[in-house]
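Trainee: Could you take me through the aromatic ring pairs in this one? I'd like a close look at how the rings sit against each other.

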Amino acid sequence: WLLRIQKAPSFWKFLLGGAILGLSAIARPSILLFGIAVPFWIWFTFKDKIPFKQVLIFILSFAAGVVLLLSPVTCINHFTGKDSVLIAWNGGINFYIGNNAKASGYKAVAPEIRQSWWGGYYDSIEQAEKAAGRSLKKSEVSDYWYRKGYDFILHNPFSDVKLMAKKIFLLMEGDEISNN
């Protein structure tokens, strides 16, 4: 979509592009990392072709499209869950799955957690709450697992570099690894 916009850019096309990214993020929040690059792409693509004000409008319209699609999800999370969660609270556990001493670089399992979907769901909450000694909001559960993943990285830098190298190799190799 963005490559098509490049030929005939407009406010509405960038708004739609942002909405498409927002909709994609509801299914796969990690796609928002790509969204961080888009304003830079807009800037470098159009800065010498159109006035600065128009480039800024394109960037803001793209951002508005993302926000328009994510706002309802965030509001539902806030009002029903009484928690500040942008899209989903499972980012922390997913980060830990990929950054722990037993991480393989391709399997979506954590050493202390059952491998079934519901087992992983309940275990990730239970273990975080047990460590905290109290009930936690979902954002706090996520924070707990992020800290565990960062703790592994900080205390095992050589293992982390080796794991990252393996992940990069698997990415570049070209074989698609199943999600399940």
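Mentor: Sure! Counting ring pairs in this predicted model gives 17 aromatic pairs. Let's pick a couple and go slowly. A ring pair is described by two things, the distance of the centres and the angle of the planes.

Start with Y121 and Y122. Their ring centres are 5.0 Å apart and the planes make an angle of 80 degrees, so this pair is edge-to-face; the cut-off for that label is over 60 degrees. Now, are these two tucked away or out in the open? Y121 has 24% relative accessibility, so it counts as partly exposed. Y122 gets that label too, with 46%.

Next, look at Y146 and Y150. Here the centres lie 6.2 Å apart and the planes are at 20 degrees, so we call the pair stacked; that label needs planes under 30 degrees apart. Where do these two sit along the chain? Both belong to helix α7, which covers residues 138–155, and because they're four residues apart there, about one helical turn separates them. As for accessibility, Y146 is partly exposed at 30% relative accessible area, and Y150 is partly exposed at 44%.

Now back to Y121 and Y122, since there's more going on around them. Ring pairs join them with W89, W117 and W118 in a cluster. And W89 has something else to show you: the charged end of K138 sits over its ring, 5.8 Å from the ring centre.

Definitions and conventions:
Residues are numbered from 1 along each chain as its sequence is written. This is a predicted model: local features need pLDDT of at least 70, side-chain atom pairs count only at pLDDT 80 or more; totals for chains, interfaces and linings use all residues. Side-chain values use heavy atoms; hydrogens and water are left out. Rings of Phe, Tyr and Trp (its six-membered ring) pair if their centres lie within 6.5 Å; planes under 30 degrees apart count as stacked, over 60 as edge-to-face and the rest as tilted. Buried means under 20% relative accessible area, exposed over 50%, partly exposed in between (1.4 Å probe, protein chains only). Helices (H or I, at least four residues) and strands (E, at least two) are DSSP runs, numbered from the N terminus. A charge sits over a ring if NZ of Lys or CZ of Arg is within 6 Å of the ring centre and within 35 degrees of the ring normal.
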